Amino acid sequence: MFKLRLDDRVERLTTERIKLVGVPSKPLPDALKPLACLSREWCSTGDLREAGITPDKIEALIRAGVLSFGLGRESFPLVARTFYEAQFPVHAAAFPLLDWLDRPLPIDTVWIGLPLCHLTNMRHSTAIGLARVLDGLTGTGVPVLGVLPFMNPTEKCLQYLHRVHTLSFDAGKRLGILGGDHRVAWALLKAVRRSTPTGLQVRYIHIDAHHDLYGSIDHALSDDVAHSNFLLRLLAGGTIDEAILIGCRDNPAPVKQAVGRGFRVASVGDYSSVEKGARAKGYTHLSVDLDILDPSAVPDVSSPLAGGWSVDTLMTTIREILISETIDSVSLVEPGTSASSAAIANDILGALSG
Ligand SMILES: [Mn+2]
């Protein structure tokens, strides 16, 4: 699916020598002489094989930072691939790096992991949930391209998200982010907003037991972003234009306050109650927080709330949304930490993969 080109780290390349940024120039080994004809344009692995560079060598050159892989406007941040392979070797080996280059992706979604763990409270570490989900995914046919190694949604994290989002878009695929806590949706939408044309309507569909509108609207942009207030920040900062809350079952007062402030927020019990009607083409993100499910199914999510949905209801709702609307990106956040919760999260991930 992806193509190859010389990495930006390659400062100079002739038939005799190669110079990487910050490293002294070295003689170019005979076996790599065909690289000298490469430009900064994308080429396929087939082109390189015809020139005599074997698949083993191609992979080694990617890992050495001489070649980068990607498509269209962006290359993939290699650090996310190496971190993922080091942490989840079994799952990564099921759809290895060269398959991402040579084979079509069997699903419509390019999945990226983003742990964003709270190291101060290990009981709330959604990174453990992410690890369980990936451990349980082996053999399910849902490939993951990489895991971005960030504990917090820093500026660098947003830049990488922007790159993988552009890459997925240019590949004609939807980007999927596996969290991590709900700040992954905040980070992705902040990154997306940077490249959307001015005036494009950004719509956010939130399937969650909680509204995530906690905290004061007056301080929404000065407080640290948290999984409990990220939606308020997205609205107050103009990152999204509209939020549709589905299945939210906590105190509705903050929802009313947000509406009173003029934010476009609708809270409904199920998807059939969402106003359909004609909508101008915009951008839509669908986010699923696992705590939408009843605690009897997933008792170990970080903030369980009684009276939730069945797994069937969630699966049906996701399918209805994917059929009825154009969904540009998805996120699955706050998975529980047990193997049984991970198995349910895997099914949801499959449904979201389209
Ligand atoms: Mn949430």
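**View 1. Asp212 is a buried residue, with a relative accessible area of 4%.** The model shown here is predicted, so please read every view as part of a prediction. Where along the chain does Asp212 sit? Asp212 belongs to the loop between β10 and α9. The backbone is worth a look as well: phi of Asp212 is positive, near 55°, although this residue is not a glycine. For background, a negative phi is found in most residues other than glycine.

**View 2. Four residues of the protein hold out donor atoms to a manganese ion.** Which residues are they? The donors are His182 through ND1, and Asp208, Asp212 and Asp289 through OD, at 2.1 to 2.4 Å from the ion. Written as a sequence pattern, the donor residues follow the spacing H-x25-D-x3-D-x76-D. His182 lies in the loop between β9 and α8, and Asp208 lies in the loop between β10 and α9; with 26 residues from one to the other, this pair links distant parts of the chain. Are these two residues buried or exposed? His182 has a relative accessible area of 0%, so this residue is buried. Asp208 is also buried, with a relative accessible area of 0%.

**View 3. Two loops hold backbone features to look for, at Gly180 and at Glu334.** Gly179 and Gly180 are joined by a cis peptide bond, with omega at about 15°. Gly180 is part of the loop between β9 and α8. As a general rule, most peptide bonds are trans. Now turn to Glu334, in the loop between β14 and α12 (339–352). Phi of Glu334 is near 55°, which is positive in a residue that is not glycine. Glu334 counts as buried because its relative accessibility is 2%.

**View 4. Eight strands line up in an open sheet with parallel pairing.** To trace the sheet from one side to the other, follow the order β8-β7-β9-β14-β13-β10-β11-β12. Which strands stand at the edges? They are β8 (144–147) and β12 (265–268); each has a single partner strand, so one side of each has no neighbour in the sheet. On average, neighbouring strands here are turned by 15° against each other, ignoring direction. It helps to recall that strands of a sheet pair through backbone hydrogen bonds.

**View 5. Strands β9 and β14 run in parallel, and helix α8 packs on their sheet.** Residues 174–179 make up β9, residues 329–333 make up β14, and 4 bridges pair the two strands. Within this pair, Ile177 is found opposite Ser331 of β14. Helix α8 (residues 183–193) touches β7 (109–114), β9, β10 (202–207), β13 (283–289) and β14. The direction of α8 makes about 170° with that of β13.

**View 6. Strands β2, β3 and β4 pair in the antiparallel sense, β2 with β3 and β3 with β4.** The strands β2 (residues 10–13) and β3 (residues 17–20) are joined by 3 bridges, and they form a hairpin with 3 residues between them. Leu13 has Ile18 of β3 as its bridge partner. Next along, 2 bridges pair β3 with β4 (residues 26–27), where Arg17 stands opposite Pro27. How many residues lie between the strands of the hairpin of β3 and β4? There are 5, and Gly22 in this hairpin has a positive phi near 75°.

**View 7. Phe2, Phe69, Phe76, Phe95 and Trp100 form a cluster linked by ring pairs.** The structure holds 7 aromatic pairs. One of them joins Phe2 and Trp100, which are stacked with 6.1 Å from centre to centre and 15° between the planes. Phe2 belongs to the segment before β1 (3–6) and Trp100 to helix α5 (residues 97–102), so this pair ties together parts that are 98 residues apart in sequence. Both partners are buried. Trp100 also pairs with Phe95: their centres are 5.2 Å apart and their planes are at 80°, so this pair is edge-to-face. Phe95 counts as buried because its relative accessibility is 7%, and for Trp100 the value is 0%.

**View 8. The chain is divided into domain 1 (3–71) and domain 2 (75–352).** How many residues of each domain are in contact with the other? In domain 1 there are 15, and in domain 2 there are 13. The centres of the two domains, taken over C-alpha atoms, are 36 Å apart.

How values were computed. Residues are numbered from 1 along each chain as its sequence is written. This is a predicted model: local features need pLDDT of at least 70, side-chain atom pairs count only at pLDDT 80 or more; totals for chains, interfaces and linings use all residues. Side-chain values use heavy atoms; hydrogens and water are left out. Two strands pair if DSSP finds at least two bridges between them. Axes are lines fitted to C-alpha atoms, for helices over the stretch in contact, and angles run from 0 to 180 degrees between N-to-C directions. Contact means heavy atoms within 4.5 Å. Rings of Phe, Tyr and Trp (its six-membered ring) pair if their centres lie within 6.5 Å; planes under 30 degrees apart count as stacked, over 60 as edge-to-face and the rest as tilted. Buried means under 20% relative accessible area, exposed over 50%, partly exposed in between (1.4 Å probe, protein chains only). Donors are N, O and S atoms within 2.8 Å of the metal (3.2 Å for Na, K and Ca); water is not among the atoms, so sites may look incomplete. Domain bounds come from an automatic or database domain assignment.
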